[in-house]
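Ready for a bit of practice with a protein structure? Have the sequence and the 3D view open, try each task yourself, and then check the worked solution.

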Amino acid sequence: MMSQNQRLRQAITTSQLYRSIFRHDYVDSLRNRALEVTSNIFLHLHPVTIPRHALSVRFTFCLGGLTFFLFLVETITGLLLMFYYRPVPDYAYIDMKTLEYAAQFGVVLRNLHRWGAHLMVVTVMLHMLRVFLTGSYRPPREFNWVVGVSLLVMTLLLSFTGYLLPWDQLAFWAVTVGTNMAAATPFIGAEGPFHEVLGAQPLNDVRFLLLGDMKVGSNALLRFYVLHCVGLPLFAIVAMMVHFWRVRKDGGISRPL
Amino acid sequence: MDSTEVASAPEAAKAPPAGSRAGAPERSASSAAATVFPDLVYKEFLAALLVSILLLVWALAINAPLLPEANPGKTENPAKAPWYFVGLQELLVYFDPWIAGVGIPTLIIVGLMAIPYIDTSHNATGRYTLGERRLAIGHFLFGFALWWVLIVIGEFLRGPNWQIYWPWQSWLVPKSAEEKLWSFPWWLGLPLLAAYFGIGLWLPRRRWPWLYERLGKSRYASAILFTLLLYSVPIKIFLRLLLRVKYVLVTPWFNI
Amino acid sequence: MESTDRVQKLLELTRRELVSRGLAISGWSTFAAVLGTGGLETVRFFYPRVVYQPPSTFRIGPADGFAPNGDDSDAFGVLLVDDRWKSQSRFVVVRERNRIYALSARCAHLGCTVNWFNDLRIFKCPCHGSEYHSNGVNFAGPAPRPLDRLRITVNLDGQLVVDTSVTYGPDRFDIDGAFVSV
Ligand code: HEM
Ligand code: FES
């Protein structure tokens, strides 16, 4: 005799709707554990089984996974912030300032986005450190290390482009100095060594390419905004796809001989 | 039921890693396997949960900074880069912008990417060790620590006008102007630089012949060059701080 | 030697091989050309044709408005440094015994705005600590050259006019336009 609960449960789990989403039942068996991973697009990043040592938190400290998690946090909080932000010098600062009143929890959202970004820089650097200390960059994983370095660069660039958006004094001067360094690039920067070889001038050098102007202004704000919200995340996502795929193709995370 | 799905499961566990080279020293995974669901997934879930809690508390407790609106006529004093770039900003004191802002970052990125193509040994892979990879780990940790030390200097010891203020000194007390800087004349700078790199390339081969033997010519040369470049950064910093040297080498086109 | 070998090899190709090679070459070059022009166009796209700049000329009053209180100049011959325009327009006006010129307040290092310290008689940059004498010549910190000077002229009303869009480097400090004689 089935209880009310069991009957309800059975009604749900045998319904066409449920079966259309979940292709297997949840009874704990090796087979279902495997299906849990293979029939779920999000989990199937993973293999079905891994060597026991790879479970050890004290080996990876979950740092790569946490970096990815923080990337997701940044994506979601960033998307929400976009609803209250206009990338124009006349509005950008006001929008930041009034976020507190414009939306309930607006400031918390901004804090989450900002501190999450800081935390992501920390975790990505520690992740690199752990990969180095465990020698996990060695063949056959050398290319994945290279992909990793580009992810590190992407993380820093995302942080840096985001830094301009509040359009406050911190933002303005950090980016002024940062982009003036670009003008010091040899050959292609107007103030760099050998700039006369190719005829680099303030109007045609790399800084102008970055800012769309000779100084940080509305063009720069718009450029950084587009890079921050669309361009760089797209690159980062592609690089992460390659990164995760390679972790598996290179034989899972590394282990002692 | 769907048999292909089931078949793929153990296969994924047993199959040798597709990308692994012949002879890549991996043990077969069969020895002690764990199922990802739930053994790994719950750990990932817990880790994400803990970080979410940390982040949420942090975001509720401390507001992100927002200074006055951007004003091209007035620079904050001091004007600091975001902390992860403060190390680079600190380097700008000691190097020209094209070195500190373009050269060094490029070398760091290229150098990092080159690591696995220089160190291809399999000694002590996949576990933490300090003693067995003393050279590699020592130099890497030195560079990693240097990055953080520069961040700490820039973030906590630099005050108005980017002058050194110790934590117990007040930012309100202005500091006097810095002394004049001087540069090495070329007949001193050029030989010094040449000697640094020349001896640097030659000496390790003399002292540790096995290193050259193991790495081969080009790996040895790149490993040593990157290492020498790494140590040249603190050397220049000390020259500047102790001897007030602005440039080690002055040429009509660029200065180092 | 080698080239004749190569010619020889070409002559030995069958017509079929020759055609397929020609097709491959022209195909790949078209591909490269398309990619190349696309790339160039994209880069060019990022250089806007028009940039809107705020007005760059400022009237700062007649020259006798820059009369120093006393007659003592400092070690660099400077009687007066006037930074009233610094926060709005990013320049300072310097009075020497016989000339007036406008210094750009944009640090010659990486473009922060320098501050004038009248008691020390130096400019200091907040960003990386560059320091300049009262005449704008750098003496400490990372700055590679003196502060730029800006075009300064006298208009028909006898007013000094500073144009921040025209700058003079050290080799042009003494040419017409870089200063006004008094
Ligand atoms: C956005 C940045 C990054 C994300 C999301 C990420 C994510 C991950 C994840 C989830 C793993 C699985 C193992 C673990 O969690 O430690 C991993 C492994 C790995 N990562 Fe990253 N990573 C990032 C950046 C980097 C960087 C900066 C490097 C190195 C410069 C790197 C090099 C590697 C390598 C070589 C492995 C394989 C490790 C092994 O086999 O033990 N990754 N990464
Ligand atoms: S911008 Fe003035 S010292 Fe760097």
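The exercises below walk through a predicted model, from its confidence scores to its interfaces and a few single residues.

**Exercise 1. Find out how the model scores overall, and which helix of chain C has the lowest mean pLDDT.**

Step 1: Start with the whole model, which scores ipTM 0.89 and pTM 0.87.
Step 2: Zoom in on chain C, where the mean pLDDT is 88 and 99% of the residues reach 70 or more.
Step 3: Go through the elements of chain C: helix H1 (residues 2-11) has the lowest mean pLDDT, 82, while helix H2 (residues 15-45) has the highest, 94.
A reading tip to keep: where pLDDT is low, don't read the predicted coordinates in detail.

**Exercise 2. Describe the interface between chain A and chain B: how much area is buried, and how many salt bridges cross it?**

Step 1: Count the residues in contact: 93 from chain A and 92 from chain B.
Step 2: Look at the area. About 8800 Å² is buried between chain A and chain B, and carbon and sulfur atoms give 71% of it.
Step 3: Search for salt bridges. The rule finds one across this interface, where the side chains of B:Asp119 and A:Arg138 meet at 3.1 Å, N to O.
Step 4: Add the polar contacts, which come to 32 residue pairs between chain A and chain B.
Step 5: Ask which element of chain A gives the most to this side. That's helix H7 (residues 106-133), with 18 residues.
Step 6: Sort the chain A side by class, and you get 60 nonpolar, 15 polar and 18 charged residues.

**Exercise 3. Do the same for chain C and chain A: which residues of chain C lose the most area?**

Step 1: The contact takes 16 residues from chain C and 19 from chain A.
Step 2: The buried area here is about 1300 Å², with 57% coming from carbon and sulfur atoms.
Step 3: On the chain C side, C:Phe46, C:Tyr47 and C:Leu110 lose the most area to chain A, together 42% of what that side buries.
Step 4: Check the polar side of things. Zero salt bridges turn up between chain C and chain A, but six residue pairs are in polar contact.
Step 5: By class, the chain C side that touches chain A has eight nonpolar, five polar and three charged residues.

**Exercise 4. Work out whether C:Asn135 is buried or exposed, and what surrounds it.**

Step 1: Find C:Asn135 in the loop between strand S7 (131-133) and strand S8 (138-140) of chain C.
Step 2: C:Asn135 has a relative accessible area of 12%, which is under 20%, so it is buried.
Step 3: Skip the neighbours within four places in sequence, and C:Asn135 is in contact with C:Phe76, C:Val78, C:Glu96, C:Tyr101, C:Leu103 and C:Arg149.
Step 4: Look for a polar partner: a polar atom of the C:Asn135 side chain lies 3.2 Å from the backbone nitrogen of C:Val137.
Step 5: For contrast, go to C:Arg6 in helix H1 of chain C. C:Arg6 has 57% relative accessibility, which is over 50%, so it counts as exposed.

**Exercise 5. Sketch the layout of chain B, then place B:Thr251 in it.**

Step 1: Chain B has eight helices and one strand, in the order α-β-α-α-α-α-α-α-α along the sequence.
Step 2: Of its 256 residues, 39% count as buried.
Step 3: B:Thr251 sits in the segment after helix H8 (217-243) of chain B. Its relative accessibility is 17%, so B:Thr251 counts as buried.
Step 4: Follow the side chain of B:Thr251, which reaches the backbone oxygen of B:Phe254 at 2.5 Å.

**Exercise 6. Hunt for backbone oddities: where are the cis peptide bonds at A:Pro140 and B:Pro38?**

Step 1: A:Pro139 and A:Pro140 are joined by a cis peptide bond, with omega about 5 degrees. A:Pro140 is in the loop between H7 and helix H8 (142-164) of chain A.
Step 2: The bond from B:Phe37 to B:Pro38 is cis too, with omega near 5 degrees, and B:Pro38 is in helix H2 (residues 36-61) of chain B.
Step 3: Now try phi. A:Phe194 isn't a glycine, yet its phi is positive, near 65 degrees; A:Phe194 lies in the loop between helix H9 (169-182) and helix H10 (195-198) of chain A.
Step 4: B:Arg244, also not a glycine, has a positive phi of about 60 degrees. B:Arg244 lies in the segment after H8 of chain B, and at 22% relative accessibility it counts as partly exposed.

Terms used: Residues numbered from 1 in each chain as written. Chains lettered and ligands numbered in written order. Predicted model: local features only at pLDDT ≥ 70, side-chain atom pairs only at ≥ 80, totals over all residues. Heavy atoms only, no water. Contact = heavy atoms within 4.5 Å. Buried area = accessible area lost by both parts, 1.4 Å probe. Salt bridge = Lys/Arg side-chain N within 4 Å of Asp/Glu carboxyl O. Polar contact = N/O pair within 3.5 Å; in protein donor to acceptor, adjacent residues only side chain to side chain. Nonpolar A, V, L, I, M, F, W, Y, C, P; charged D, E, K, R; others polar. pLDDT = per-residue confidence, 0-100. Helix = DSSP H or I, 4+ residues; strand = E, 2+ residues; numbered from the N terminus. Buried < 20%, exposed > 50% of the residue type's maximum accessible area, 1.4 Å probe, protein only.
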